[in-house]
Amino acid sequence: MTRTTTPLCTAVSGAITLLRTALKLALFTALGFACALAAPAARAAAPRSAAPAPAPPPSAPAAPAALTFTSLQLAEARALRDRALQDDTGYELLRSLTSRVGPRFAGTPGDSAAVAWALEQMRTLGFQNVRAERVKVPSWRRGECRVELVSPWPQTCAAVALGGSVATPPGGIEAEVVPVTNLDELARIDSTRLAGRIVFFTGRMTRATDGSGYGRAVTVRGRGAVEAARRGALGVVIRSVGTDRNRLPHTGGMRPDSGDTRIPALALSNPDADLLEDQLASGRPVRMRLTNSSRWADSTWSANVIGEIPGRELPRELVVLGAHLDSWDLGTGAHDDGAGVAIMTAAARLIGEARQRPRRTIRVVLFANEEFGLSGARAYAREHASEADRHVLGMESDLGAYAPLGLRSRVPADRLPAIRQMQSVLAPLGVEYRGNDASGDADVGQLVPLGIPVCDLDTDASEYFDLHHTANDTFDKVDPLLVRRNVACYAALAWLAADLPAGFGRAPAAPARR
Ligand SMILES: [Zn+2]
């Protein structure tokens, strides 16, 4: 996942806006939801002496389509929510994906198996227009890696290569370690201290319910090696971007640009980063040897897997439910993002079985290669740009199967009353409204520049980064009741979004994202 974080001041002003919106909505509801009735009533009350209103010209537009939900629509969404809370389709899909496919890093045999698995599941569950849209993906393969402290006190550290790391020479590289907190500190250090050395990024990710520690810590994973190489370093190790104390390192993608000098880059588990810091604290020079045999190959093919639950009135118009089908190669990608795949597929399937289908189509898009460059999301945005106006709203699940806490939107202001009604259906599950600053997350966020409105469902991310991108991201860590709760939220949200008569217009300006 990559979610943009909200500065506190924005959150406060968002809360004020939210309060205002809530008051407006309450007033609106108190006045009665049948707007259409208000105009004739007002005309009837007008004084007799008033001049008659001019008749509208024949070409006048029809009365504005409804921007809010009826009590009947809300009841349908609540019924769908309650059915989801009794249904383990999502959890069983996740069991199937993690046990039958497992790791599915882009371009590997596991990735191809995941595409085949997703096509089969969607067909079995009754989706229509099930298809794979080909996507070109980069090809990087992990080899063996080894990190040894050579002196003053020899030890072996638990480490993994970061995605995209180049190999070392077969015998490895050995050099003195220079600790650096983050990229800002690196920029201030005299380059002569870095030349010929191994840079150790020591910054520690902080635990937070909103996962905000990730955005701050992850910059060294993306750009640390490139920036250190520019200053003459031979290699880089980082403290894992994760909140756990397991001896399991966290991998993740680097973000080199073409033309950047590349040096090997590895992540130490948090306890091993502590150990290295303790040796450095002795004041004696610490020498380290890195060995890594990962390699790049020619780019290859993967696919976005797409399936639809057709709408009853406007089947060409779409609500997109997104998740990413790929995972890192160390675990079985249970929370990241097998959970999202299972949750969105199960939510759409429940809508397919609802007493009444929504007006528009629910399209599930399982994106290729989110983890190593957003290939699938970028391809989808490119290839579906001409039908952007048929995309009514997008949502993505990529923050694990944890407790849903908040709903964010990115819709025009006149649609906020509808969003607040949608949130009211989720309120009994503990979901509050958090403002009109949704990002769409990494994949669906690629649609925001096309003007497609989005919603984010914030989940409790406080434990997610204990497992994220590690060998420990496995099915046993997933709570079936929380999968149900997520499915309930997305099913209700998607049903309502696909049934709002007026749709959601175009999204306000794009949020900052990677
Ligand atoms: Zn993810």
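This passage describes the confidence, the two sheets, the packed helices and the nonpolar cores of a predicted model.

Residues are numbered from 1 along each chain as its sequence is written. Because the model is predicted, local features were considered at pLDDT of at least 70 and side-chain atom pairs only at pLDDT 80 or more, while totals for chains, interfaces and linings use all residues. The pLDDT, which is the predictor's confidence in each residue on a scale from 0 to 100, averages 89 over the protein, and 86% of the residues score at least 70. Over residues 1-63 the pLDDT stays under 50, and for this stretch the model has 37 contacts beyond four places in sequence, a contact being a pair of residues whose C-beta atoms, placed from the backbone, lie within 7 Å. Where pLDDT is low, the predicted coordinates should not be read in detail.

The protein contains 15 helices and 16 strands, taken as DSSP runs numbered from the N terminus (H or I over at least four residues for helices, E over at least two for strands). Of the 514 residues, 51% are buried, where buried denotes 20 or more other C-beta atoms within 10 Å of a residue's own, exposed denotes 12 or fewer, and partly exposed lies in between, with C-beta atoms placed from the backbone. Among contacts with a separation of 6 or more, 84% join residues 24 or more positions apart.

One open sheet consists of 8 strands in the order β1-β10-β12-β11-β13-β16-β14-β15, with mixed pairing; two strands are taken to pair if DSSP finds at least two bridges between them. Strands β1 (128-141) and β15 (432-433) each have a single partner and stand at the edges, so one side of each is left without a neighbour in the sheet. Helix α10 (residues 334-352) packs on this sheet, where it touches β10 (295-309), β11 and β12 (360-367), and its direction makes about 155 degrees with that of β11; axes are lines fitted to C-alpha atoms, for helices over the stretch in contact, and angles run from 0 to 180 degrees between N-to-C directions. Strand β13 (residues 391-396) is mostly covered, with 6 of its 6 residues buried. It pairs in the parallel sense with strand β11 (residues 314-324) over 5 bridges, and Leu321 stands opposite Met395 in β13. Strand β13 is also joined by 2 bridges to strand β16 (residues 454-459), again in parallel, with Gly394 opposite Val454 in β16. Helix α12 lies across β14 (404-410) and β15 and runs at about 170 degrees to β14. Since 10 of the 11 residues of helix α12 (residues 416-426) are buried, this helix is largely enclosed by the rest of the structure; Leu416, Ile419, Met422 and Leu426 are among the buried residues.

A further open sheet, also of 8 strands with mixed pairing, follows the order β3-β2-β9-β5-β6-β7-β8-β4. Its edge strands are β3 (155-157) and β4 (159-161), each of which pairs on one side only, and the twist from one strand to the next averages 30 degrees. Strand β4 runs antiparallel to strand β8 (residues 265-268), to which 3 bridges join it, and Ala161 stands opposite Leu266 in β8. Helix α8 (residues 219-230) lies across β6 (198-201), β7 (235-239) and β8 at about 150 degrees to β7. Helix α9 lies across strands including β2 (145-151), β3, β4 and β5 (173-180), and runs at about 140 degrees to β3. Within helix α9 (residues 270-280) is Pro271, which is partly exposed because 17 other C-beta atoms lie within 10 Å. Leaving aside neighbours within four places in sequence, Pro271 is in contact with Arg245 and Arg247. The C-alpha atoms of Pro271 and Ala158 are 8.7 Å apart, although 113 residues separate the two in sequence.

A nonpolar core is defined as a set of buried Ala, Val, Leu, Ile, Met, Phe, Trp, Tyr and Cys residues joined through C-beta atoms within 7 Å. The largest such core has 108 residues, of which Leu321, Ala347, Tyr490, Ala491, Ala492 and Ala494 touch the most other members. Helix α15 (residues 480-499) supplies its largest share, 14 residues, and at least three residues come from each of domain 1 (71-137 + 298-499) and domain 2 (143-293), the bounds being from an automatic or database domain assignment. Beyond four places in sequence, the contacts of Ala494 are Val319, Leu321, Ala347, Ile351, Ile362 and Met395. A second, separate core of 36 residues includes Val160, Ala161, Ile198 and Phe200.

Key. Contact = placed C-beta atoms within 7 Å.
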